[in-house]
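Me: I have a structure open on my screen and would like to walk through it with you. Could you help me read how its parts sit together?

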Amino acid sequence: MDYKTGEYVIYGNAGICRFDGTESKEFNGEIKKYCKLIPMDYKNSVYYVPSDIIEKKTRRVHTKTEVYNIIDSIPGIKPLWNKNRNERKVLFDTAIKSDNYTGLIGVIKSIHEHKKECQENGSKLTLADQKACRTAEDMLHQEFAVVLGINENEVDDVIAKRIEERKDA
């Protein structure tokens, strides 16, 4: 593990956390070294992750170049849609848990397209679809905002602007 204090990492479903060093802690009579992670959204919380598994449980946030490459790939990413509600839920959950941005964007694209169809025919999105979209967008927005040094509510505009600029180029 070679994280530096203050560095941002992704910790599973907790999202972005700041690495805050290591501490030795005693649990069940055993002293073990733990990495201290402070979640961005819950600054009063702390996760203690055993240092021997930290690299399996975390990853560094993307670089600016990687974020821009992900944004550039968005137009080519196919929506992940399945008409069967149960199969779709599994598909979306798998994409969200995979930490794969192609999958996250596929979920978001699918639900936005389906939302337009729902508006046209007077129906609504299922709660599961709404939740999957919100989760995927939150994950994407949080990391992109941190990496690009912007507010989360600016991420969609940055994405749209970059895609438009690339289309015109």
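Reply: Happy to! Keep in mind that this is a predicted model. A good place to begin is Leu127, which is found in helix H5.

Me: Is Leu127 buried or exposed?

Reply: Leu127 has a relative accessible area of 68%. The cut-off for exposed is over 50%. Leu127 is therefore exposed.

Me: How far apart in space are Leu127 and Leu104?

Reply: Along the sequence, Leu127 and Leu104 are 23 residues apart. Going from C-alpha to C-alpha, their distance in space is 17 Å.

Me: How are H4 and H5 oriented to each other, and at what angle do they cross?

Reply: Helix H4 covers residues 101-121 and helix H5 covers residues 127-148, and their axes come within 9 Å. Angles under 35 degrees would be roughly parallel and those over 145 roughly antiparallel, while 65 to 115 would be roughly perpendicular. The two axes cross at roughly 135°, so H4 and H5 are oblique to each other.

Me: Which kinds of residue make up the contact of H4 with H5, and how many of each?

Reply: On the H4 side, the contact includes Tyr101, Leu104 and Ile111. H5 contributes residues including Ala132, Leu140 and Phe144. The residues of this contact divide into 12 nonpolar, two polar and three charged.

Me: What about H3 and H5: how are they oriented?

Reply: The axes of H3 and H5 come within 10 Å and cross at roughly 15°. Angles under 35 degrees count as roughly parallel. That makes H3, relative to H5, roughly parallel.

Me: Which residues of H3 make the contact with H5?

Reply: H3 passes H5 in a left-handed crossing. From H5, the contact takes Asp129, Ala132, Thr135, Ala136 and Met139. From H3, it takes Arg88, Phe92 and Ile96.

Me: Which residues of the largest nonpolar core touch the most other members?

Reply: In soluble globular proteins, nonpolar side chains tend to be buried together. In this model, the largest nonpolar core has 29 residues. Those touching the most other members are Val107, Ile111, Leu140, Phe144 and Ile159.

Me: Which element gives the largest share of this core?

Reply: Five helices give two or more residues to this core: H2 (64-73), H3 (85-97), H4, H5 and H6 (155-168). The largest share is eight residues, and the element it comes from is H5.

Me: What does Ile111 touch, leaving out residues up to four places away in sequence?

Reply: Ile111 is one of the core residues that touch the most other members. Leaving out those sequence neighbours, Ile111 touches Phe92, Leu125, Asp129, Ala132 and Cys133.

Me: Where is Lys124, and is it buried or exposed?

Reply: Lys124 has its place in the loop between H4 and H5. Its C-alpha is 11 Å from that of Ile111, with their positions 13 residues apart in sequence numbering. At a relative accessible area of 75%, Lys124 is exposed.

Me: And His62: is that residue buried or exposed?

Reply: His62 has its place in the loop between strand E5 (58-60) and H2. Not counting residues up to four places away in sequence, His62 touches Val67, Ile70, Tyr101, Glu143 and Val147. The cut-off for buried is under 20% relative accessible area. With 19% relative accessibility, His62 therefore counts as buried.

Methods: Residues numbered from 1 in each chain as written. Predicted model: local features only at pLDDT ≥ 70, side-chain atom pairs only at ≥ 80, totals over all residues. Heavy atoms only, no water. Axes fitted to C-alpha atoms, helices over the stretch in contact; angles between N-to-C directions. Helix = DSSP H or I, 4+ residues; strand = E, 2+ residues; numbered from the N terminus. Contact = heavy atoms within 4.5 Å. Nonpolar A, V, L, I, M, F, W, Y, C, P; charged D, E, K, R; others polar. Core = buried A, V, L, I, M, F, W, Y, C linked by side-chain atoms within 4.5 Å. Buried < 20%, exposed > 50% of the residue type's maximum accessible area, 1.4 Å probe, protein only. Left-handed = near helix turned anticlockwise from the far one by under 90°.
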